[in-house]
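Colleague: Please pick one part of this model and take a close look at it for me. I'd like a single connected story rather than a list.

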Amino acid sequence: MTHTASPSATKSRTATDAKSRTSAAARPKTPATLTPGGTESENHPWKIQLVDHPPRFESTYFQAAKKAAHKILAEMSDDHDLPYGPRPSGAEHWEMHHGGSLWVKGASGWRMYRARVGIEWSMQFCSDPAKVDRLRQEAAELIDAFPDTLPALGELGYKGAEELLRTPITDADGVERWTDSLFNACVPMSHGNHQGILPKVPGEHHYPWPVKGADFVRYEDFQLWVNLPDGTHGAVAPVDRRGSGDGHVRLVHAPEGTTAGDTLAKAQSLGKMAVFPANSTVALQAFRQQIEPGRRTATGSLVTATTPRRGGATRP
């Protein structure tokens, strides 16, 4: 299959623009470990209809779960215990994400693990009770390994935890109860990390977890989220370990239906990587806190910023 694009689209959107303003001397060569596989570019417009959201209410299960989660969070330290970023301040508040929140209490205090699958509120309506019951069994096995958990939850007022873990899920009522329980519905996140949209903060609801999750483990001076040549936003990762001197970056997320998104999908279907060269605007954004101002390539030794900004919470 051949993918084509208009001359103007090719000029402005391909990662390897033949008319790059970067001089030939500054243009790094593709390292031997990266085998060129051609470029892809195309236009794929799409539309979506917006309709009114059906009425939603907070179940008594969710109200009880949130109350318990807030009490747990109040006992956790700000330095290392909180699972996803700092405690909200000012007008902000914790938002509880239905992401598979398995809360346990061990010798060092409260910890949250994530279930194999988290059930978003709207997804309960297509959830098979037998498959949800497997999640219940897995949660019970984990929590049983932390015998202080259920007594501690009882002290916090979450009285139905043990019954919830021991009762097989066989129907829609059971699915609803599990979906809005402490063991699914209470992953604490800031508004941005929960529902945010680029160019400000990427939220888990709108960006794939395998990429979004990197926000919580990446080096602070690496810019995960970047502006793409087609005017949209995406995410990139280095192609080699820190200190390698390789400034190429691999495209790991791009909006579906865009030039970059179609290129990424094509690369994946061929078993290849979609890579931006080290002198591209994308690579320079990604490594901007690790290179000297004015440098025209990310290849070479990097300089670690003394006061790196939190890239996951700022405009790329």
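Modeller: First, the vocabulary: buried means under 20% relative accessible area, exposed means over 50%, and partly exposed is in between, with a 1.4 Å probe and protein chains only. Keep in mind that this is a predicted model, where local features need pLDDT of at least 70 and side-chain atom pairs count only at pLDDT 80 or more, while totals for chains, interfaces and linings use all residues. Residues are numbered from 1 along each chain as its sequence is written, and side-chain values use heavy atoms, with hydrogens and water left out.

My pick is helix H2, residues 60-75. Helices (H or I, at least four residues) and strands (E, at least two) are DSSP runs, numbered from the N terminus. H2 has 16 residues and spans 23 Å from first C-alpha to last, close to the 22 Å expected; that expectation is 1.5 Å times one less than the number of residues.

Its buried residues are Phe62, Ala65, Ala68, Ala69, Ile72 and Leu73. Down the axis of H2 they fall within an arc of 140 degrees, so they line one face of the helix; the arc is taken over directions from the helix axis to the C-beta atoms. On the other side, Thr60, Lys67 and Ala74 are exposed. The cover over the buried residues of H2 includes strands S1 (95-97), S2 (101-106), S3 (109-114) and S4 (187-189), plus helix H4 (149-155).

Now zoom in on alanine 65, which counts as buried because its relative accessibility is 0%. Beyond neighbours within four places in sequence, alanine 65 is in contact (heavy atoms within 4.5 Å) with Tyr158, Asp180, Ser181, Leu182 and Cys186. Cysteine 186 is itself buried, at 0%. Phenylalanine 183 sits 118 residues away from alanine 65 in sequence, yet their C-alphas are 8.3 Å apart.

Zooming back out, the largest nonpolar core has 40 residues, and Leu153, Trp178, Leu182 and Phe183 have the most contacts inside it. H2 gives the most to this core, with 6 residues. Such a core is a set of buried Ala, Val, Leu, Ile, Met, Phe, Trp, Tyr and Cys residues joined through side-chain atoms within 4.5 Å. In soluble globular proteins, nonpolar side chains tend to be buried together. As for tryptophan 178, its contacts beyond four places in sequence include Val132, Leu135, Leu164 and Phe183.
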